Amino acid sequence: MSVTVLKPGLLTTLQDRGRFGHAALGVGSSGAMDGVALRLANALAGNDDGAAALEISLLGPRLRFDSDAAIALAGAEFAVRLDGRPIAMWQPLAVRAGSELDLGAARPGARGYLAVAGGFAVEPILDSRASDVNAGLGPLGGRPLRAGDVLDLGRTRDGRDPGPPAKDRHPPWSLDPRPWFDADPARPIRLVRGKHFDALDAVSRTTLFEASFRIEADSNRVGFRLDGARLALAGPLELVSEPAAFGTVQLPPSGQPIVLMAEHPPTGGYPRIAQVAAIDLPRLAQRRPGERVRFREIGLDEAQTRYLAREHALARLIDTIAARLAE
Amino acid sequence: MPSPGARDFTIEPLGETCLLLRFGERIDAATNARVHAAADLLRRVEMPGIVDLVPAYAALALHYDAVFWATRDDSPAWRHLAGALDAVFATPPPLRADTHARVEIPVCYGEEFGPDLDEVAARAGLARDEAIARHAGGDYRVAMLGFAPGFPYLLGLDPALHTPRRANPRTRVPRGAVAIGGAQTGIYPAELPGGWQVVGRTPLALFDAQRDPPCLLAPGDRVRFRAIDAGEFERLSVPDAT
């Protein structure tokens, strides 16, 4: 039971929800950029929430399944073909041994997730199967997929081989992605003020929420660098290295804000002017280099209330999907 | 060892799933000791619903599970956790003895092992042997780990040895390089780009994900260096797992 990588795509990595509990050692969590799409891909493939899936960026891989498998795709819209025929995302799919899956290019969105029933059978490193490319940590030494890689598949939740799913078991339903996937660059990303927001000069405090920023070409899983409007502090700040989080907006001396993304180091030393609302992290993760982004302010309490509401709704949906798959 | 006592920090939310406990704003040993004491206390009481604890120079991050700390009424989860922290710090359980390890790290100073040693010594107005003696003679504490897995920021560097970072950072600093950046000294756990002044190199592996524990040093540990020669460096060298 395995998948062979024929073409790796632009940046395809194994990811789970992240490597937690080791940040005190300087080990960042890494994990999926769009955690919602990862979890829904796993749910649709019949996997547990913590399974590893492939995170596929911008240009997808071509893969050959060496055995029958049940799979699901979620996240950015890829032009997916199975043995040359277009197939849909956001639903459970059966794949026959020898089939080739070709993901093509993403649009809209930047990152898709391919989950395979049983997950990818790679050894966890420090309790996680997430790849941290910069730290060289994770399956395959943290590196992205290469042509010729063979990825072993695990056993499904009930312990049996995942395939072959009979044709009539192919369920005539799919998930409506709209509440869970939004790559529309026109819609603002919500920000909570950070500790050093008040240290910005008066113009910059307004500019942050009124200007349109461009996501720089060198943006990646570590961080998104923004250009278009430069921001400045009212006066110099002397800061020491402090903990940072996924979504922390830092302001280096260049005046170009950097949004820390999934693979950020656990600490950082630049002023923290804002924090991307957790509900909008998956939306920001789906933005592409070169696209524009606008911000809108949200209060912390409201942001947290909305985040909890989303987490509850997502947990209910994941339960519903599991029940449908069991029918 | 300082007692965390009743709350001696401020609480700053860092997004919806992280609180920063702030003990100060700058780098000093007393503030950092309070960070480690608070981290020890939270580990000792096995604070539930905590995903990760990150001690830094002057602040301690608590990454938490907001679903766990959610309330039934409209009050925010982060305030619920902050209240629980107040209760823990108001009546801390008895302190246990300092459990932080004391670790001796062998270092081969100068020559190809420490290409910046002569510049550091010259800036300090010291003979190179005196610079080595002062670096190796320090009583250091791991203030935090960061930058890369297993990179320790050590407090306790002799003020004479404080040296600004290099004007041109190196694209590759070798694994094990012992270096000075301003008032701090640290050890590169892997080959990395870096701007610190490299004064020596240790043959020990600072970080190995396959080892348990993966890190040679933990936050709060005490560290001493021991000067060794090139022959001992070779004998103590372990093959690079990667």
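Here are some questions and answers on a predicted model, looking at its helix packing, its chain contact and its domains.

Q: How are helices α1(A) and α4(A) oriented relative to each other, roughly parallel or roughly antiparallel?
A: Take α1 (residues 35-44) and α4 (residues 300-326) of chain A: their axes sit 9 Å apart and make an angle of about 20°. Angles under 35 degrees count as roughly parallel. The two helices α1(A) and α4(A) are therefore roughly parallel.

Q: What is the handedness of the crossing of α1(A) and α4(A)?
A: The pair to look at is α1 and α4 of chain A, packed at about 20°. Viewed as a crossing, α1(A) and α4(A) come out right-handed.

Q: How many of the residues in the contact of α1(A) with α4(A) are charged?
A: On the α1(A) side you've got A:Val36, A:Arg39, A:Ala43 and A:Leu44, and α4(A) brings A:Leu314, A:Ile318, A:Ile321 and A:Ala322. Asp, Glu, Lys and Arg are the ones that count as charged, and A:Arg39 is on the list. The split is 7 nonpolar, no polar, and charged just 1.

Q: Which element gives the largest share of the side of chain B that touches chain A?
A: The contact between the chains takes 34 residues from chain A and 39 from chain B. Elements giving two or more residues on the chain B side are β1, β2, β3, β4, α2 and β6 of chain B. The largest share is 5 residues, and it comes from β3(B).

Q: How many residues on the side of chain B that touches chain A are nonpolar?
A: Chain B puts 39 residues into this contact. Sorted by class, 5 of them are polar and 4 are charged, while the nonpolar count is 30.

Q: What is the bridge partner of B:Ile50 in β4(B)?
A: Strands β3(B) and β4(B) run antiparallel, with 5 bridges between them. A hairpin links β3(B) to β4(B) through 3 residues. Within that pairing, B:Ile50 has as its partner in β4(B) the residue B:Tyr64.

Q: Which element gives the most to the side of domain 1 of chain A that touches domain 2 of chain A?
A: The domain assignment splits chain A into domain 1 (2-175) and domain 2 (189-306), and their C-alpha centres are 29 Å apart. Domain 1 of chain A supplies 19 residues to the contact and domain 2 of chain A supplies 13. On the domain 1 side, the top contributor, with 3 residues, is α1(A).

Terms used:
Residues are numbered from 1 along each chain as its sequence is written. Chains are lettered from A and ligands numbered from 1 in the order in which they are written. This is a predicted model: local features need pLDDT of at least 70, side-chain atom pairs count only at pLDDT 80 or more; totals for chains, interfaces and linings use all residues. Axes are lines fitted to C-alpha atoms, for helices over the stretch in contact, and angles run from 0 to 180 degrees between N-to-C directions. Helices (H or I, at least four residues) and strands (E, at least two) are DSSP runs, numbered from the N terminus. Angles under 35 degrees count as roughly parallel, over 145 as roughly antiparallel, 65 to 115 as roughly perpendicular and the rest as oblique. A crossing is left-handed if the near helix is turned anticlockwise from the far one by less than a right angle, and right-handed if clockwise. Two residues are in contact if their C-beta atoms, placed from the backbone, lie within 7 Å. Two strands pair if DSSP finds at least two bridges between them. Domain bounds come from an automatic or database domain assignment.
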